[in-house]
Amino acid sequence: MLKKTLLALVFTGVAAAAFAQQTGIKRTPLQKVEFPDGYNTITAIAEIPAGGAAGRHTHPGIETGYVLEGELNLLVDGQPEKTLKAGDSYQIPAGVVHDAKVHGDKAMKVLGVYVVDKTKPLASPAP
């Protein structure tokens, strides 16, 4: 039990540090599952204030999400820009550079699920 508690605390600190590297976005980790083998599946709420952006970044695995509130322009390298609103979902392939920018004058909130290599940081800034 103590080992699980310590791992949860370490995860929370590592996730917060990885998320903090990106300005303009607030991510709140909700759950982490060590599955499939060699990967972590992480569920989080991501919020960006009006006029903000996540910043160009990558993940060492896939990201899929569902827009809970607001609208965003999703920019994924190699794909046309997409405007998403509450109720829309999206997918981003592993390692692909992407950004999310608030569209309109209201903040946006998404529920994101990340299936990522557990030996790498959850998110890395991209040029």
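Trainee: Among contacts in the protein with a separation of 6 or more, what share joins residues 24 or more positions apart?
Mentor: This is a predicted model, so read every value as a property of that model. Take the contacts with a separation of 6 or more, then pick out those between residues 24 or more positions apart. Their share is 66%.

Trainee: Which pattern does the protein follow along the sequence?
Mentor: Start with the inventory: one helix and 10 strands. Reading along the sequence gives the order of these elements. The pattern is α-β-β-β-β-β-β-β-β-β-β.

Trainee: What percentage of the residues count as buried?
Mentor: Buried means under 20% relative accessible area. The protein has 127 residues to test against that cut-off. The buried portion is 36%.

Trainee: How much of the accessible surface belongs to carbon and sulfur atoms?
Mentor: The accessible surface of the protein comes to about 7,200 Å². The part that belongs to carbon and sulfur atoms is 60%.

Trainee: Which strands stand at the edges of the open sheet?
Mentor: The open sheet has five strands, paired antiparallel, in the order β1-β2-β9-β4-β7. An edge strand has a single partner, so one of its sides is left without a neighbour in the sheet. The two in that position are β1 (26-33) and β7 (89-92).

Trainee: By how many degrees are neighbouring strands of this sheet turned against each other on average?
Mentor: Direction is ignored for this angle. The average is 20 degrees.

Trainee: Is Thr43 buried or exposed?
Mentor: Thr43 is found in strand β2. Eight of the 10 residues of β2 are buried, so this strand is largely enclosed by the rest of the structure. Thr43 touches residues including Thr28, Leu30, Leu111 and Val113. With a relative accessible area of 17%, Thr43 is buried.

Trainee: Over how many bridges do β2 and β9 pair?
Mentor: β2 covers residues 39-48 and β9 covers residues 108-117. Ile42 has Tyr114 as its bridge partner in β9, and Glu47 stands opposite Lys109. The pairing is antiparallel, and the bridge count is 10.

Trainee: In β2, which residue is the bridge partner of Thr28?
Mentor: β1 and β2 pair in the antiparallel sense over seven bridges. One of the bridge pairs joins Thr28 to a residue of β2. That partner is Ile45.

Trainee: Which residue takes a positive phi in the hairpin of β1 and β2?
Mentor: Most residues other than glycine have a negative phi, and most peptide bonds are trans. The loop between β1 and β2 holds Pro36, and a cis peptide bond joins Phe35 and Pro36, with omega about -5 degrees. The hairpin has five residues between the strands, and a positive phi near 90 degrees is taken by Gly38.

Trainee: Which residue in the turn between β5 and β6 has a positive phi?
Mentor: β5 and β6 pair in the antiparallel sense over four bridges. They form a hairpin with five residues between them. The phi of about 85 degrees in the turn belongs to Gly78.

Trainee: In β8, which residue is the bridge partner of Leu72?
Mentor: β5 and β8 pair in the antiparallel sense over five bridges. Leu72 also has a bridge partner in β6, namely Leu84. In β8, the partner of Leu72 is Val102.

Trainee: What volume does the largest cavity have?
Mentor: Rolling a probe the size of a water molecule over the atoms shows where empty space is left. The count comes to one cavity of 30 Å³ or more. The volume of the largest cavity is about 100 Å³.

Trainee: Which residues of its lining lie nearest the centre of the largest cavity?
Mentor: The lining has 15 residues. The elements that give two or more residues to it are β2, β5 (71-76), β7, β8 (98-102) and β9. Nearest the centre lie Arg27, Glu63, Tyr90, Ala100 and Val110.

Trainee: What distance separates the C-alpha atoms of Pro49 and Ala107?
Mentor: Pro49 is in the loop between β2 and β3 (57-58). Pro49 is partly exposed, with a relative accessible area of 47%. Leaving aside neighbours within four places in sequence, Pro49 is in contact with Gly24, Val102 and Ala107. Pro49 and Ala107 are 58 residues apart along the chain, yet the separation of their C-alpha atoms is 4.3 Å.

Notes: Residues numbered from 1 in each chain as written. Predicted model: local features only at pLDDT ≥ 70, side-chain atom pairs only at ≥ 80, totals over all residues. Heavy atoms only, no water. Buried < 20%, exposed > 50% of the residue type's maximum accessible area, 1.4 Å probe, protein only. Contact = heavy atoms within 4.5 Å. Areas by Shrake-Rupley, 256 points an atom, 1.4 Å probe, with all protein chains shown as cover. Pairing = 2+ DSSP bridges. Axes fitted to C-alpha atoms, helices over the stretch in contact; angles between N-to-C directions. 1 Å grid on protein atoms, 1.4 Å probe; cavity = no way out; pocket = protein on both sides within 12 Å on 5 of 7 lines; lining within 4 Å. Points joined across faces, edges and corners; volume = space filled by probe spheres on them.
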